[in-house]
Amino acid sequence: MAKASLLILKVLLTILFSVWLSLWLLKPTRTWEKKWREAEEKAMKTVFNYNGLSFAVYTFPFLALAMVGFIYLELKLRTNQMRPERKLISALSNPIVVNRYLGILTGTEILLVFLFVTFLFWTFYAHISNDFKKMMPTKSLKLSMWQYKVLKVATRFGLLAEACLALLLLPILRGMAIFRILGVQFEVSVRYHIWLGTTMITFATLHGAGTFFTWGIKHHIQDEMWNWQPTGRIYLAGEIALAAGLAIWITSLPHIRRKHFEIFYYTHHLYVIFFTFFLFHAGDRHFYMVFPGIFLFVLDKFLRVIQSRPKTCILSARVFPCRAIELTLPKDPKLTYTPASIIFVKIPRISELQWHSFSITSSSSVDHHTMSVIIKSEGWWTNALYNLVSAKPDREADQRRCLPIAVEGPYGSASADFLRYDSLLLVAGGIGITPFLSILQEIASARSNGRLIHPKRVLLIYAVKKTQDVSLLNPVLAQLLNVEQNYLKLKVFVTREFGNQTVGEVLNEVSQVKTIDFDTSTSKYAAYGVENLLWMAAIVGLCSIIFLVLLICFNWSTHFYGEMPSGRVMTVPSSTTDLFLLCSFVIAIICSSLLAIVLRWKRARKELLSFSGTPIETTKPTGVGIDNTLVEHEIHFGGRPDFRVFCKFSNETEGSSVGVFVCGPESMKESVAFTCKLSSRAFRVDSQKRKLSVSFHSLNFTL
């Protein structure tokens, strides 16, 4: 029954996606333009009017796709209890292009980029060819033929920016992350948001520059640029939107984002101004094409704010020698998550606005009441947190003072992808070890319970600058010290120090950590995770219905009160229509959020874990009794890892598939991807005998 339901949902998803994609492909054609005008004329005679028709045709198909997708993911999550099957197209997920400037591109990404670029070419060609056939220069500007062509080309660049804008917000959805339907997680899909944003702002700049150039030739800049027209395109609104978009893009450049994160973070909130004035500039007819992404993003944003309330308290913190801390947080025992999931946290004592993402280092299969994250002191926010946690209290009573924290998430894959491989090769650099800590604990738990036969071998390559960074392995000391389970092997590379110690000696030296317990008597709540996906689908449907009802009310009131004695209908300024669309959306979001708040507090009162009465025990490994030999593990000083170890590891492995997971600096990811690419080619000859395959996965972390 479950398989049949999943199959039906897959077919429905395919149909909805095909409909939505067909709309974008047909929209530039003259045939669609003619049919659409006829449909608008018929809709104008009903309460739906043209804006109701636009919402139903351009916006709702994608919202329906999202709702069906959420139902599909929830059903898949409930029924997917066995090891995921190997994908026949797994080769497409391997690196094809490894470049310093382009980064790491897989076969799937190259294919999707090619299709999207082809779509942009088609959209531009279809529109510009129709424009050149008409050849009706603007009389008010008295343009020559070439000037008219420049203006039309600039106008069509704006449509290309609109196409990019329609997809811009989809990769950064969290609770409503529809990319999970394709198996793409939030931390990976962020790069697509960057690509789309750069492409969008490029086309938008060309659109604005071409328009200003045409005005400048005819000396109309002063007349046009400050013009707020009652109908049609509002040029001033477009200029404000472009300025806001450029500010967001400039502060998102890697150099600024890494060294001045606060500037990047706060400037990004200009998206409110950008989308508002884009609506006034492009008009509601164009806005409905990009509305699905905005609709889901704003709704997702409100639901995430609700989810992060009320705040909880940190149970305990462990301070590592490498200026890193591990925070242990309470969670609902019913909350489960896959390894390598991430959470977003906010510490009000540091900042009431800033949220930062971190990989969960614990496993929900092991720790039922708690979850942990490791945070290394690298920037202003993390330094403030480290100083706040590790500072000595002025009075003894302050030692256990509650430290409030808001938690959002966890967000992760619906299934553990690493379980489908016979062998795992984990490559980590510095704080990039954090997602692998949860993976190793999950594997150890499953093997001890007899629930897991794969992976049979795990090789962990860990590169650090100094020996004190090895202390981050403390959460998996139990797995490293268990000599009976010889499936796990560790190779440590200390790049900036020299020595001759063994792994055991280094672990003994750096594994002593300081534990700080906090008073949690003032807090009654624990993290419970994101809402049920079926609940998400219902909220999207409810918000859509409320918005459509408000549109119908607006159309009815406009027709009833706007009819003049002569029988003609008063023309409503386009900015008024746009403003009502905006107000209708805000009201729909508020109504849906109120329902979410009621359900949230109802669940908080009945289901959330209360830990104020009974303390939660947190068991953490210590460095006592570490065997100095640990001959199964290796440590190397004064050099970086030689990733040609892939070849040796593949020969040693007993299985037919090797999963390569890497998390660390971009240079490390590129090196591993390049080696994996070469290894895959070298293994093709051997694969005819042993059916050997190598799959590459890149994980992200937040500094």
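## A lysine in a loop

Let's begin with one residue: K45 sits in the loop that runs between α2 (30-43) and α3 (49-79). Keep in mind as you explore that this is a predicted model. Is K45 buried or exposed? K45 has a relative accessible area of 77% and counts as exposed, because anything over 50% is called exposed.

K45 also has company. Together with K34, K35 and K42, K45 gathers in a patch of positive charge on the surface. You can find this patch by selecting those four lysines in the structure above.

## Salt bridges that span the chain

How many salt bridges does the structure hold? The count is eleven. One of them brings together the side chains of E40 and R285, with 3.2 Å from N to O. These partners come from distant parts of the chain: E40 belongs to helix α2, R285 belongs to helix α12 (residues 284-307), and 245 residues separate them. With a relative accessibility of 12%, E40 is buried, because that value is under the 20% cut-off. R285, at 40%, is partly exposed.

A second pair is K376 and D469, whose closest N and O atoms are 3.5 Å apart in their salt bridge. This pair, too, links distant parts of the chain, with K376 in strand β8 (residues 370-376) and D469 in the loop between β11 (457-464) and α15 (477-481), 93 residues apart. Both K376 and D469 are buried.

## A bridge within one helix, and a network

Now for a pair that shares a helix. Which residue forms a salt bridge with E666? The partner is K669, and the closest N and O atoms of the two are 3.8 Å apart. Both residues lie in helix α20 (residues 666-690), where three residues, or about one turn of the helix, set them apart. Their surroundings are worth a look: E666 is partly exposed at 44% relative accessibility, whereas K669 is buried at 3%.

Salt bridges can also join up by sharing partners, and in this way R174, D300, R304 and E408 form one network.

## Two chain segments side by side

D422 is found in the loop between β9 (404-411) and β10 (423-429). Its relative accessibility is 5%, so D422 counts as buried. How far apart are the C-alpha atoms of D422 and S657? The separation is 5.4 Å, even though the two residues are 235 residues apart along the chain.

## Unusual backbone angles

Here is a little background for the backbone. Most peptide bonds are trans, and most residues other than glycine have a negative phi. With that in mind, look at the peptide bond from G409 to P410: this bond is cis, and its omega is near 5 degrees. P410 is part of strand β9.

Two other residues stand out for their phi angles. N49, which is not a glycine, has a positive phi near 60 degrees. N49 lies in helix α3 and is buried, with a relative accessible area of 15%. R323 is not a glycine either, and its phi is positive at about 60 degrees. Where is R323 found? R323 is in the loop between β4 (316-320) and β5 (324-330), and a relative accessible area of 36% makes R323 partly exposed.

Conventions
Residues numbered from 1 in each chain as written. Predicted model: local features only at pLDDT ≥ 70, side-chain atom pairs only at ≥ 80, totals over all residues. Heavy atoms only, no water. Patch = residues over 30% accessible without salt bridge, like charges linked within 9 Å, V, L, I, M, F, W, Y side chains within 5 Å. Areas by Shrake-Rupley, 256 points an atom, 1.4 Å probe, with all protein chains shown as cover. Lys, Arg positive; Asp, Glu negative; His and termini not counted. Charge placed at Lys NZ, Arg CZ, Asp CG, Glu CD. Helix = DSSP H or I, 4+ residues; strand = E, 2+ residues; numbered from the N terminus. Buried < 20%, exposed > 50% of the residue type's maximum accessible area, 1.4 Å probe, protein only.
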